[in-house]
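Colleague: I'm still new to reading models like this one, so could you take me through a single part slowly? Please pick the place where the ligand sits and carry on from there to whatever connects with it.

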Amino acid sequence: MNNLTLEQYIQAKMVDCDPEIAALIHKEDEREANVIELIASENFPSEAVKMAAASSFVAKYSEGYPAKDRLSGNKGRYYGGCVVVDELEELCCNRWRQVFNTDYHVNVQPHSGSSANLAAYMSVLKAGDKILAMDLNNGGHLTHGSAANFSGKLFDMAFYDVGADGFIDYEDVERKAREFKPNLILAGASAYSRVIDFERFAAIAKEVGAYFMVDMAHIAGLIAGGVHPSPFGLADIITTTTHKTLRGTRGGLIFAKPELAKKVDSAVFPCCQGGPLQHIIAAKAITAAEALRPEYKEYAKNVIINTKAMCDEFIRLGYEIVTGGTDNHLFLIDFSKTHPHLTGKMVQEELDKNGITLNKNCVPNEQRKPMEASGVRVGTAAMTTKGYKAEDFVKVAQRIDEIIRNIKPEA
Ligand code: PLP
């Protein structure tokens, strides 16, 4: 691979064996190189992470767990030839504990954030049990109880609201927890721009005797970088993806208080998954090592600075921001009052044509269908990785405003 980037190396290898796919990979490389990427759940992983995801581990079967895990009492693997992957998985687990400075048990096998959430629920709940969460329209995720998702089909759901100001209404959480008596209370979101008060949630869960789970998929990189309060020590179970602010490949992780280790491990395998993806576990281990480097703290700090700068510019330009600002890597623009002729879909599509990628998003009290939506979600982690500074984000906000002002009502 002398002096070749990973992309060039793959191109060189792939062109001979499958030129069609090689051409598509090349197209995607170019798209990623040229786009202004503002999707809050995406990022650009390092070459090392991508190489690990394409390594010899791609084909290794390893159902089960490394035998040595002291907390879960796991008995080992169901396949031979696992000496190397055992070492890999143990290393990966240890690194993630270091990242979050925790003695929680960690399971690095979930294939995605959704699989992590399914396994987390199955570890302490049975079908029909009650969950109190934030619903999709207010910023929650599909796996937080949407009727279209396994979570809404398997469990009895209730949802807490955000107030008219867009902030989580903790009194509503408290009231609903007392009335509904959930078995599990879930904090965490896909589209919420403010610090979540984990202590308040933990106290409410304790009062009603519910498990307290945090889905930190969006903010995990900020927690790892020390710029967002941590749920460790407060939540019983914590899930995350590894590909958003954390900047790894697509994947999931589950952390749990030591006494839940066995339940979590058996919920992942054999309850919800078969063999783990060891190539992705290798990539997750590299992601963790990167998160432990001093420059990662700088990245996390810059994400916060950049998001505030961009959000402030939109406010200056006359846009309405849900909650009036941001504490993390994202914010939501609500067009319903300032630009009632616009839908989130129209803005997303027009920006796409101009090389800027983000996604339409429902806003609190949404009157449109999710496929239309009245807002967009803007995230800065990916472009911070690409080296954008606050002043670059301000310019991008101005460019977005220019594009939006040119959208014809009938478009
Ligand atoms: N949890 C949250 C809060 C998310 O935002 C997402 C994805 O956007 C997920 C879980 C699911 O992750 P995945 O797409 O890896 O299944």
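Modeller: Let's start at K244: an N or O atom in the side chain of K244 is 3.3 Å from an oxygen atom of the ligand. Keep in mind that this is a predicted model. K244 has company, too. There are 14 residues around the ligand, and the closest are G113, S114, S190, D215 and K244. Two of those make polar approaches you can look up right away. S114 puts a polar side-chain atom 2.7 Å from an oxygen atom of the ligand, while D215 has a polar side-chain atom 2.6 Å from a nitrogen atom of the ligand. So much for the ligand; now zoom out a bit.

The protein chain is assigned two domains, domain 1 covering 52-291 and domain 2 covering 295-405. Their C-alpha centres are 27 Å apart. Where they touch, domain 1 brings 24 residues and domain 2 brings 25 residues. A handy bit of background: people often describe how big an interface is by the accessible area lost when the parts come together. Here about 2,100 Å² is buried between domain 1 and domain 2, and carbon and sulfur atoms account for 56% of that. Look at S193, R194 and R247 on the domain 1 side: they lose the most area to domain 2, together 28% of what that side buries.

R194 is worth a second glance. Its partner is D327, and the two form a salt bridge whose closest N and O atoms are 2.9 Å apart. Between domain 1 and domain 2 the count is 1 salt bridge. Polar contacts add to the picture, with 14 residue pairs counted between the two domains. As for the pieces of domain 1 that do the touching, α9 (220-224) and α11 (278-291) each supply at least two residues of that side. The largest share, 3 residues, comes from α9. Sort the residues of this side of domain 1 by kind and you get 11 nonpolar, 9 polar and 4 charged.

If you want to see another salt bridge, scroll to helix α7 (residues 170-180). D172 and R175 both sit in α7, 3 residues apart, which is about one turn of the helix. They form a salt bridge too, with the closest N and O atoms 3.1 Å apart. The total count of salt bridges comes to 18. K176 belongs to α7 as well. The side chain of K176 makes a polar contact with the side chain of D161, at 3.3 Å. Leaving aside neighbours within four places in sequence, K176 is in contact with L132, F159, Y160, D161 and K181.

Before you close the viewer, check two spots in the backbone. The peptide bond from F269 to P270 is cis, with omega near 10°, and P270 is placed in helix α10 (residues 261-272). Then find N365, which isn't a glycine yet has a positive phi of about 60°. You'll find N365 in the loop between β12 (359-361) and β13 (375-379).

How values were computed:
Residues numbered from 1 in each chain as written. Predicted model: local features only at pLDDT ≥ 70, side-chain atom pairs only at ≥ 80, totals over all residues. Heavy atoms only, no water. Domains from an automatic or database assignment. Contact = heavy atoms within 4.5 Å. Buried area = accessible area lost by both parts, 1.4 Å probe. Salt bridge = Lys/Arg side-chain N within 4 Å of Asp/Glu carboxyl O. Polar contact = N/O pair within 3.5 Å; in protein donor to acceptor, adjacent residues only side chain to side chain. Helix = DSSP H or I, 4+ residues; strand = E, 2+ residues; numbered from the N terminus. Nonpolar A, V, L, I, M, F, W, Y, C, P; charged D, E, K, R; others polar. Near = heavy atom within 4 Å.
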